[in-house]
Amino acid sequence: MAVLTLTDACLAFGHVALLDHAAFSLETGERVGLIGRNGTGKSSLLKILAGLEKPDDGQLQIQSGIEVAYVPQEPIFADDATVFSTVSEGLAEVKALRERFEAHAEGEDLDALMTQIEARNGWNWEQRVDETLQRLHLDPNLPIAGLSGGTKKRVALARSLVASPDVLMLDEPTNHLDLDAITWLEELLVAFKGSILLISHDRAFLDNVCTRIVELDRGVLRTYPGNFTAYETLKAQQLADEAVTNAKFDKLLAQEEVWIRKGVEARRTRSVARIKRLEDLRKARSERREVVGRAKMEVAQGDRGGKIVAELENVSKSYGGRTVVNHFSGTILRGDKVGLIGPNGAGKTTLLKIILGELKPDSGSVKQGANLNVAYFDQMRDNLDLNATLADFISPGSEWIEINGSRKHVMGYLQDFLFSPARANSPVRTLSGGERNRLLLARLFAKPSNVLVLDEPTNDLDIDTLDLLEDLLADYPGTVFLVSHDRRFLDNVVTSTLVAEGQGTWREYEGGVEDWLIQSRRAKALAAGKSGAASIATASKQPREAETRTPVAVTADNTPSTAPLATVVAQPKRKLSYKEQRELDELPARIEALETEQAELNKQLADPDIYRKEGANVGAMHARVESIDEELMTLLERWEALGKI
């Protein structure tokens, strides 16, 4: 049953129709991801569905008694408030009811108030706020004024979630959140009992959370069952079909245009209906909204530079008694694509500045390579001049830009980044968040460089631009340092990751996020297996004294020597018991069966129709795939342990 329905909605800014008789409905319990190009009107649509704005035309119907919570992309709070008081605003009605009950005002119906408070679980609203703050790792006493962007986003989420709404609407909820917070948010949203509508360009997040994808494309809402991976398959086929249909239409129109040009004699012998059809074809062609083209990105490359970008040896750095880098050593080579992963405040920016020689460590040595030309992308957009025109921001004082030896007019360069010539003289302040990011990338790539430092470049960028940026960075011959919480983007770009593991410890892993997770899980499993095996062996063995005592050589200064002695009694290798031997023989077949089951499940989940056929079972299938991973790890470790006996 639909909790809200939008029909025949129209919305336009200037001559561009953002919504062109669009229709949408949100069903009970479903989680919908709203995607589309920057500037297509996604945020405006979300505000309309939340009841915060009105369309130019159309009707919004919300089921009676439904409570809707909306979390904006950039939340605004009172600067003099604390985290606790701000989150408590989500329970303003409940607080007011309890205050009225406690006031015992004359003429107040206390029984009715008590019923309303109990229905909303209002007696313990403070506890609900505290629990929500703990789950989001928020200090209730912190003042709002001093919070970072990521912490403010968590406060906004807490303010909405504490009210337990029926419908939750989120605009770019993963922006400014670190990987741990994103994982937590995914689990929370999947467990959420109500309906969810969210805008996001984080493809892994959409895959893990959404049960349906809705795309705002040229004023029309198109729906795709399943997660983002299923959408990609269906969308590719849809675009191919659309191209064939348009080609047939254009061919027919061209034939009719040839016929009409044959002159009056031809028209006398033809029906008036055919002339009318030609007019209809012309009108339909003029009203067709073409697929928006992809941005064309090219990076201006600086001098090649040396083979080594930086060498760090036993580097440490502390702030106010807190260690953010602790005895880190590593070498960065030309062409490396390095991702930095860690929670907000872990020291990613500090480590980057040390690597690039902009910050001196407290101890250890850093050696930079020769001829480093570094270009920075700043997630906070501090370098944006909001009053400058787009053209002046890209190329101050000149109409030309030189990239890799060729000159390009600034108008053409802006068009490569999907800014029309008509907007070239518009001020930067008129751009949306995604367009501002695209403009910053345009200026960044116009600067010759052999080292790119990208701090959260994916925030607000649409998915098509992300795909293109991935391709460009993969082909970039220089070195890339990438700070991002977009797992799919990191996986598709980086060749290694530097991961903050707490207490200032940084460790390098080959590959992207998935590679890091697999390697760290295996390392923890092996460590746990070895310590467990050692404990079991110590507890179960009752050996003879002659077998356990190993003679130790002593040096002249009475210190133990590591040199082996001929008199050491060798430990006999224990024979497998019948039960253990049988278990060892059966393990290969069990492992093969699990791998076959997992492969079959992955094959089914890759089929877009699975979400229509299986429906609610899809979540269980995903959970089974993950549990098989854990079972396989356990069996493989057991196989290895038995093989060593």
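Q: How many helices and strands does the chain have?
A: In this predicted model, the chain has 22 helices and 20 strands. Of its 645 residues, 42% are buried, and among contacts between residues at least 6 apart in sequence, 67% join residues at least 24 apart.

Q: Which residues of helix α5 are buried, and how should I read their places in the sequence?
A: The general idea is that an α-helix has 3.6 residues a turn, so residues three or four places apart point the same way. In helix α5, which covers residues 125-135, the buried residues are Trp125, Arg128, Val129, Thr132 and Leu133. Seen down the axis of α5, these buried residues fall within an arc of 130°, so they line one face of the helix.

Q: Against which elements do the buried residues of α5 pack?
A: They pack against α2 (83-88), α3 (92-103) and α6 (149-161). After α5 comes His137, which has a positive phi, near 55°.

Q: How many residues of α6 are buried?
A: Helix α6 is mostly covered, with ten of its 13 residues buried; among them are Lys153 and Arg154, as well as Val155, Ala156 and Leu157. The buried residues of α6 pack against α2 and α5, and also against β5 (68-71), β6 (167-171) and α7 (179-191).

Q: What span does α6 reach from its first C-alpha to its last, and what is expected?
A: Helix α6, with 13 residues, reaches 18 Å between those two atoms, which is close to the 18 Å expected at 1.5 Å a residue.

How values were computed
Residues numbered from 1 in each chain as written. Predicted model: local features only at pLDDT ≥ 70, side-chain atom pairs only at ≥ 80, totals over all residues. Heavy atoms only, no water. Helix = DSSP H or I, 4+ residues; strand = E, 2+ residues; numbered from the N terminus. Buried < 20%, exposed > 50% of the residue type's maximum accessible area, 1.4 Å probe, protein only. Contact = heavy atoms within 4.5 Å. Arc of directions from axis to C-beta. Expected span 1.5 Å × (residues − 1).
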